[in-house]
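These are my notes from one sitting with a single chain. I went through its strands and helices and wrote down what I looked up.

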Amino acid sequence: MTEPPLHHDGVLGADVSQFEASFPADPAAIAPVRRRLRALLREDGLEHLADDVTLICQELMANAVLHGCLNVPPGTTLKITVAWSDAQLRAVVHDPSDEKPTEQGASRSRTSGRGLRLVGELSDRWGVETDPAGTGKAVWTELDFPRKRAS
């Protein structure tokens with residue numbers, strides 16, 4: 001699947017750290033991935049962003065499981081990649097659906113549907129890239145200058 005280009009002239013920077021995980025299309029699989037990501041971000045000096053980044057990734061993974069995996073065979077796996085440097089942090093979640101997610105309007109009565117709004121508020125950018133071969137999509141989010149950013 002082709003991912004959209006990185007910002008800042010396509011460069012994360014010279015020193016890039018990365019987290020990658022495959023997980024089953026099951027809501028119960030999200031928490032262990034989130035915990036591993038949070039621990040790695042903290043170990044790498046991004047404690048001030050660890051909670052926000054893991055919340056963003058949790059929302060993207062949950063959307064992929066709940067909406068991007070409708071009518072998929074049992075055993076389908078999804079993938080998350082988070083890469084960061086001094087210049088940028090970028091998270092990407094791949095799922096098998098071609099349907100693009102849409103941000104829901106604000107509502108006090110609805111108990112769900114706020115995830116992408118939250119992603120948008122905590123990120124500098126987010127978007128969706130569908131695979132031209134029709135085998136799914138990548139939902140991505142970016143935060144600029146993560147090492148210098150205050151939470």
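I began with the hairpin that β4 and β5 form, which has 6 residues between the two strands. In the turn, I noted that glycine 134 has a positive phi of about 80 degrees. All of this is read from a predicted model. I then checked the pairing of β4 with β5 and found it antiparallel, over 6 bridges. For threonine 130, I looked up the bridge partner in β5, and it is lysine 137.

Next I turned to the other neighbour of β5. Strand β3 (residues 88-95) pairs with β5 (residues 137-144), again in the antiparallel sense, over 8 bridges. Here I looked up aspartate 95, and its bridge partner in β5 is lysine 137.

How many residues of β5 are buried? I counted 8 of the 8, so the strand is largely enclosed by the rest of the structure. I sorted them by side, having in mind that side chains in a regular strand alternate between the two faces of the sheet. One side of β5 carries Lys137, Val139, Thr141 and Leu143, and the other carries Ala138, Trp140, Glu142 and Asp144. Every one of these is buried, and both faces of β5 are thus recorded as covered.

I then traced the whole sheet. It is open, has 5 strands in the order β1-β2-β3-β5-β4, and its pairing is antiparallel. Which strands stand at the edges? They are β1 (17-24) and β4 (125-130); each has a single partner strand, so one side of each is left without a neighbour in the sheet. For the twist, I have an average of 15 degrees from one strand to the next.

Helix α2 packs on this sheet, and I listed β1, β2 (77-84) and β3 as the strands that it touches. The direction of α2 makes about 170 degrees with that of β1.

In β2 I picked out threonine 81. Its relative accessibility is 13%, and because the cut-off for buried is under 20%, threonine 81 counts as buried. Leaving out residues up to four places away in sequence, I found threonine 81 touching Gln18, Phe19, Glu20, Arg90, Ala91 and Val92.

In helix α2 I picked out leucine 40. Is leucine 40 buried or partly exposed? I entered it as partly exposed, at a relative accessible area of 28%. Beyond its neighbours within four places in sequence, leucine 40 is in contact with Gln18, Phe19 and Trp84. I also took the C-alpha separation of leucine 40 and glutamine 18, which is 9.2 Å for residues 22 apart along the chain.

My last entries concern the helix pair. Helix α2 (residues 30-43) packs with helix α3 (residues 47-66) at an angle of about 155 degrees, and their axes are 9 Å apart. Angles over 145 degrees count as roughly antiparallel, and α2 and α3 are therefore roughly antiparallel to each other. I recorded the crossing of α2 past α3 as right-handed. On the α2 side, the contact is made by Ile30, Val33, Arg34, Leu37, Arg38, Leu41 and Arg42. Among the residues they meet in α3 are Glu47, Ala50, Asp51, Val53 and Met61. By class, I have 10 nonpolar, 2 polar and 5 charged residues in the contact of α2 with α3.

Definitions and conventions: Residues are numbered from 1 along each chain as its sequence is written. This is a predicted model: local features need pLDDT of at least 70, side-chain atom pairs count only at pLDDT 80 or more; totals for chains, interfaces and linings use all residues. Side-chain values use heavy atoms; hydrogens and water are left out. Axes are lines fitted to C-alpha atoms, for helices over the stretch in contact, and angles run from 0 to 180 degrees between N-to-C directions. Helices (H or I, at least four residues) and strands (E, at least two) are DSSP runs, numbered from the N terminus. Angles under 35 degrees count as roughly parallel, over 145 as roughly antiparallel, 65 to 115 as roughly perpendicular and the rest as oblique. A crossing is left-handed if the near helix is turned anticlockwise from the far one by less than a right angle, and right-handed if clockwise. Contact means heavy atoms within 4.5 Å. Ala, Val, Leu, Ile, Met, Phe, Trp, Tyr, Cys and Pro count as nonpolar, Asp, Glu, Lys and Arg as charged, and the others, Gly among them, as polar. Buried means under 20% relative accessible area, exposed over 50%, partly exposed in between (1.4 Å probe, protein chains only). Two strands pair if DSSP finds at least two bridges between them.
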